[in-house]
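Here are my notes for a first look at this one. Have the viewer open and take the points in order.

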Amino acid sequence: MAGKDFEAFKKTIEQKFMGHPVVTRNDYTAWFARGDMPLDHLRRFTVQFSVFSNQFLLAALNRAINADTLHSARESKEILMNELGVIYNKGGNGTASDSSTVDKDREGDPALVPTDGTVDGGKFRFQAAHFEWILHFGESIRLTFDDLGKRRHGTHSTLRFCDELFRLYGSDDYNEAMGAAFAVENWAAAGFWKELIAGLEKIKAREVPHMPLAFFTWHDKIEDLHKSHVWDELKECYESPKFREEPFLSAGVKMLDGVKVFWDGLNDMRQRSGKFAA
């Protein structure tokens with residue numbers, strides 16, 4: 001550990017990761033929060049977001065396959081299996097709620113399922129898959145299963161982001177994978193979910209009263225939980241004998257660059273429409 005300085009490394013992380021433009025100034029999500037977009041654009045947004053969300057499964061599987069330890073493999077599987085529909089087992093009963101009165105048909109409802117716990121011993125429900133949550137949201141604005149999640153629906157910028165997730169988040173290099181994961185988690189916890197929710201709540205009140213928002217509110221809650229132990233996780237990685245600062249930082253910045261490409265692509269899409277470019 002000679003020569004290592006975690007406090008100095010934290011400052012570097014704050015500058016390069018927390019100070020990245022996609023974290024500090026996301027023009028698209030700031031605009032989205034106003035709720036001014038017509039439903040036609042909301043549909044386009046939903047298609048692209050569903051592609052990223054569904055293609056993330058490949059990156060998560062790649063991360064589990066390339067894990068450097070059994071512990072890391074299990075951590076990766078926690079994320080992957082929950083994405084696929086295994087409800088976090090909270091309190092040892094593996095149900096969607098601490099209450100035994102939840103109707104079976106609602107056990108996968110994101111408004112009810114826990115945001116913490118473990119998939120070990122958890123229940124699998126088709127309707128608890130995150131893709132089904134976004135499908136349910138899409139149906140409220142007249143999108144179908146065939147409209148969502150497939151790679152063929154992705155724009156160049158969306159697919160660039162997906163490919164960077166697969167390459168970096170799922171890397172077989174310890175430092176690349178850890179740097180990309182830390183960067184993604186901090187981007188996700190920086191508040192973009194709240195901006196999306198703010199805009200969607202306005203659209204729901206104005207035009208689509210039956211629009212379900214729990215896909216978004218569930219993810220916002222889980223990211224708030226992640227914030228509480230972010231530095232502890234970084235320190236654990238920093239103290240690993242495998243840790244190397246340069247590839248960790250390089251992969252994290254490249255991952256955030258990929259995230260920015262995704263949002264910039266959506267911003268270009270809305271500006272090209274002309275009707276709501278301001």
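**Notes on helix packing and a few buried residues**

1. Helix 1 and helix 8 are a good place to begin: they sit roughly perpendicular to each other, because their packing angle is about 65° and angles of 65 to 115 degrees count that way. Keep in mind throughout that this is a predicted model. Helix 1 covers residues 6-18 and helix 8 covers residues 174-188, and their axes are 11 Å apart. As for handedness, helix 1 passes helix 8 in a right-handed crossing.

2. Which residues make that contact? On the helix 1 side, look for I13, F17 and M18; on the helix 8 side, for G179, F182, A183 and N186. Sorted by class, this contact has five nonpolar and two polar residues, with no charged ones.

3. Next, try helix 4 (residues 39-65) and helix 6 (residues 130-139). They pack at an angle of about 170°, and their axes are 10 Å apart. Helix 4 and helix 6 therefore count as roughly antiparallel, the cut-off for that being over 145 degrees.

4. What does helix 4 bring to helix 6? L42, T46, F49, S50 and N54 of helix 4 meet F131, I134, F137 and G138 of helix 6. The class split here is five nonpolar, four polar and, once again, no charged residues.

5. Now zoom in on T29, which you'll find in helix 3 (residues 27-32). Is T29 buried or exposed? T29 is buried, because its relative accessibility is 0% and the limit for buried is under 20%. Setting aside neighbours within four places in sequence, the contacts of T29 are F192, E195, L196 and W263.

6. V208 is worth a stop too. You'll see V208 in the loop between helix 9 (192-206) and helix 10 (214-227). Despite sitting in a loop, V208 counts as buried, because its relative accessibility is 3%. Leaving out neighbours within four places in sequence, V208 touches L39, S140, I141 and I203. One of these partners, I141, is 67 residues away along the chain, yet the C-alpha atoms of V208 and I141 are separated by 7.7 Å.

7. Last, the cysteines. How many disulfides turn up in a search of the whole structure? The count is zero. Two cysteines to look at anyway are C162, which counts as buried at 6% relative accessibility, and C237, which is buried with a relative accessible area of 4%.

Definitions and conventions:
Residues are numbered from 1 along each chain as its sequence is written. This is a predicted model: local features need pLDDT of at least 70, side-chain atom pairs count only at pLDDT 80 or more; totals for chains, interfaces and linings use all residues. Side-chain values use heavy atoms; hydrogens and water are left out. Helices (H or I, at least four residues) and strands (E, at least two) are DSSP runs, numbered from the N terminus. Buried means under 20% relative accessible area, exposed over 50%, partly exposed in between (1.4 Å probe, protein chains only). Contact means heavy atoms within 4.5 Å. Axes are lines fitted to C-alpha atoms, for helices over the stretch in contact, and angles run from 0 to 180 degrees between N-to-C directions. Angles under 35 degrees count as roughly parallel, over 145 as roughly antiparallel, 65 to 115 as roughly perpendicular and the rest as oblique. A crossing is left-handed if the near helix is turned anticlockwise from the far one by less than a right angle, and right-handed if clockwise. Ala, Val, Leu, Ile, Met, Phe, Trp, Tyr, Cys and Pro count as nonpolar, Asp, Glu, Lys and Arg as charged, and the others, Gly among them, as polar. A disulfide is a pair of cysteine sulfur atoms within 2.5 Å.
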